[in-house]
Amino acid sequence: MPKRSEEMLMDLWMSLLLVWITCVPCVSVTPIIGQSKSTQTGGSAVVASGLGEGQRLLSRAKRGWVWNQMFVLEEFSGPDPILVGRLHTDLDVGNKNIKYVLAGEGAGTIFAINELTGDIHAMKRLDREEKAEYTLTAQVVNADTDEPLEPPSEFIIKVQDINDNPPQFIEGPYRASVPEMSAVGTPVTRVTATDADDPVYGNSAKLVYSILEGQPYFSVDPNSATIKIALHGMDREMREEYLVVIQAKDMGGHMGGLSGTTTVTVTLTDINDNPPKFSKSLYEFVIPEDLPIEKMGGKVKANDRDIGENAKSTYSIIEGDEQGMFIITTDSQTQEGILRLKKPLDYESKRAYTLKVEATNIRSEPNSGVPFKDTATVKIVVEDSDEPPVFSKPMYLLEVDENASINTVIGTVNARDPDSTGSLVRYFIDRHTDLERQFNINVDNGKITLAKPLDRETDMWHNITVTATEVRNHSQISRAIVAIRVMDINDNAPEFATEYEAFLCENGKPGQVIQTVSAVDKDDPIQGHYFDYRLVPEMLNNPNFTIKNNQDNSISVLAKHDTFRRQKQEMYFLPIIVTDNGNPPMSSTNTLTIRVCGCSKDGIVQSCNVEAYVLPIGLSMGALIAILACIILLLVIVVLFVTLRRHKNEPLIIKDDEDVRENIIRYDDEGGGEEDTEAFDIATLQNPDGINGYLPRKDIKPDLQFMPRAGQHSGPNAILGLHYNDECMYDLKKKSKKTKQYWL
């Protein structure tokens, strides 16, 4: 701290010395310099401020301002205002009444002038970084009247810089990276510091950079501030990150200058400069022989000190796997080599394998193009496992004739125990594949025999599953498919393809084809079918029909004459024998039914019934049906007519077997009660069929039949003298509150 104070005091004295050296010579020659900058006033010569007494100055006849550019030191502070300079005019002679006036930037606040002597003082502490110069105006006026005696003149007061601002790193702290193993002098990054002092005046803003921390790994250029590699062979795997401290000092780095620092964190980036390395030179694995294909048998790992893509490796088998039993792949997450089985192992054939495995970097070695690699030995021991029996074939194809007898040996299956111990094997049929139990198998030798008769026409193929089991370990089971084909023999006779029914026209011609007949056979001979057709022996001399071979396993039945009549014989039966070409040949007799029918001139069958023959010739069945329908319609019309006629002739008053006294007669007129004898005649009710034995006549109109006798009631509502306009009604066995009721 004392050293720092001494440096600041020294800088202050040097600044004052520079100001004094600069100002004194300029003031001594003011008459000459001021002549070029003065304004002509006609006054006497002026003397610059700061001259001693008795010193003689040169005089000029031409009057005007005599003064210089003024300076004031920044950050200067003291008990009294600092004298900046003095103004003087040649009018100021003797006791002349004049006054100096100052105007412009900071006049009266920052700067003050003595009106009588022209001395200018700085009243405040100035900072060049805030304002570097001030422009002011000086003028001489009459002290009494304030009238200007001279035109105004401008001058500048500059604030002189001192080193009061240290360098600063605005963008710090910094981070940078550089590849590991970089050469000495490789640029890492560049830092920049700024100084608020005047870069033109002195060395206050001249910066010099140096490294305070980070050596001997890095260096810095003192002028450009570029950080560079300073040590050869910097390895990321040894150290990845470095902290560098950079200093910037002004005054050109000399004593007394101000300084500032920043930090730079430098990270070494990885390059592929390390090969993969197996953790062991020999790996040993024990793999059971029944390990499934594509399953993992072991893992190997080659470590790489690099990171990222530079640490990735691929694995391969370069020796010891001539049979291609194994494959090795890379786990992308763990970078391990996964050893997998490519083919099934067999302990009995080979019990050990020795492989040479290589790990190779994906990226090449820098500046060489040759990838890094490393090798290791992998020894694999095959472990014996109890394996199930192995059939000699995965599938067996057997054949048997369909007429084979029971217990006939169809074929044999064979399986063995692949283990070195060689256990005995037992054979069984999976009955889920032989539900009808048509086959048997010998448990010791695997011979398959027939248990039930076979029929090729029912099932041509039988697929069964045979299992083989070890005697000492029943859990070890193997399966094989046995396909049994049933071979055909000629055990089915041919027969007609369908039940034929032929039709023969009465007006047919001799030799006319009645029917074409073909046959089918359930058997399937290798050479194909050939059928022979013939009539039964007793029909060889048949006078009505004959057959013709069409040479395509079919025949045509032909008529021998044209005298067939339905009245004589309606139906014929023709038995035909069909024989195949099998060994031995099989035959069957099939009967063809032939009907005699009536046909049109074009040979189209119209009717095959005998009754149809008695109908008029040329009258079709449709016409007969139409005639019958017309007859039925006429009969219905007649019946309806008779029914309506009979219903129309019935009398209006119907005689009822019941006693008329059980009826109630109601009409609209109200009677006089029991004493009313004029309302109606009760005797009339007792004789409903007539009045005094009078019966209605059919030859007289209804309204004139029942005329009242003399003395009877002849009103419009008389019981037996009703007219058609009378309003009356009959209610049987009913009562009414509005009319009188009479029980008869």
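**Exercise 1. Asn274 and its surroundings**

Asn274 is buried, with a relative accessible area of 10%. Task: in this predicted model, find where Asn274 lies and which residues are in contact with it.

Solution.
- Step 1. Check the burial call. Buried means under 20% relative accessible area, and Asn274 has 10%, so it is buried.
- Step 2. Place the residue. Asn274 sits in the loop that runs between β16 (259–269) and β17 (277–278).
- Step 3. Set aside neighbours within four places in sequence. Asn274 is then in contact with Glu237, Asp304, Arg305, Asp306, Asn361 and Phe372.
- Step 4. Look for polar contacts between side chains. The side chain of Asn274 meets that of Glu237 at 3.2 Å. A polar contact of 2.8 Å links the side chains of Asn274 and Asp273.

**Exercise 2. From Glu237 to a network**

Task: start at Glu237 and work out which residues salt bridges join into one network.

Solution.
- Step 1. Take the partner of Glu237. A salt bridge pairs Glu237 with Arg236, and their closest N and O atoms are 2.8 Å apart. Both residues are buried.
- Step 2. Follow Arg236 onward. Arg236 also forms a salt bridge with Asp270, at 3.0 Å between the closest N and O atoms. This pair links distant parts of the chain: Arg236 belongs to the loop between β14 (226–229) and β15 (241–249), Asp270 to the loop between β16 and β17, 34 residues apart.
- Step 3. Check the accessible areas. Arg236 has a relative accessible area of 9%, so it counts as buried. Asp270 has 16%, so it is buried too.
- Step 4. Turn to a second pair. Arg566 and Glu506 form a salt bridge with 3.4 Å between the closest N and O atoms. Arg566 is in the loop between β39 (554–559) and β40 (571–579), and Glu506 is in the loop between β35 (501–505) and β36 (513–520); this pair links distant parts of the chain, 60 residues apart.
- Step 5. Test both for burial. Arg566 is buried at 8% relative accessible area. Glu506 is buried at 12%.
- Step 6. Assemble the network. Salt bridges with shared partners join Arg236, Glu237 and Asp270.
- Step 7. Set the count. The structure holds 18 salt bridges. Side chains of opposite charge can pair when their charged atoms come close.

**Exercise 3. A four-stranded sheet**

Task: give the strand order of the open sheet of four strands, and explain why β2 and β5 each have one side without a neighbour.

Solution.
- Step 1. Read the order. The strands run β2-β9-β8-β5, and the pairing is mixed.
- Step 2. Find the edges. β2 (70–73) and β5 (98–104) each have a single partner strand, so one side of each lacks a neighbour in the sheet.
- Step 3. Add the twist. From one strand to the next it averages 30 degrees.
- Step 4. Inspect one pair. β5 and β8 (residues 133–142) run antiparallel, joined by seven bridges. Ala103 stands opposite Thr137 in β8.

**Exercise 4. The whole chain**

Task: summarise the protein chain by its helices and strands, burial, contacts and exposed area.

Solution.
- Step 1. Count elements. The chain has five helices and 44 strands.
- Step 2. Take burial. Of its 744 residues, 36% count as buried.
- Step 3. Take contacts with a separation of 6 or more. Residues 24 or more positions apart account for 65% of them.
- Step 4. Take the surface. The chain exposes about 45400 Å², and carbon and sulfur atoms supply 54% of that area.

Notes. Residues are numbered from 1 along each chain as its sequence is written. This is a predicted model: local features need pLDDT of at least 70, side-chain atom pairs count only at pLDDT 80 or more; totals for chains, interfaces and linings use all residues. Side-chain values use heavy atoms; hydrogens and water are left out. Two strands pair if DSSP finds at least two bridges between them. Helices (H or I, at least four residues) and strands (E, at least two) are DSSP runs, numbered from the N terminus. Axes are lines fitted to C-alpha atoms, for helices over the stretch in contact, and angles run from 0 to 180 degrees between N-to-C directions. Buried means under 20% relative accessible area, exposed over 50%, partly exposed in between (1.4 Å probe, protein chains only). Contact means heavy atoms within 4.5 Å. Accessible areas come from the Shrake-Rupley method with a 1.4 Å probe; for residues, only the protein chains shown count as cover. A polar contact is a pair of N or O atoms within 3.5 Å; within protein, one must be able to donate a hydrogen and the other to accept it, and residues adjacent in sequence count only if both atoms are side-chain atoms. A salt bridge is a side-chain nitrogen of Lys or Arg within 4 Å of a carboxyl oxygen of Asp or Glu.
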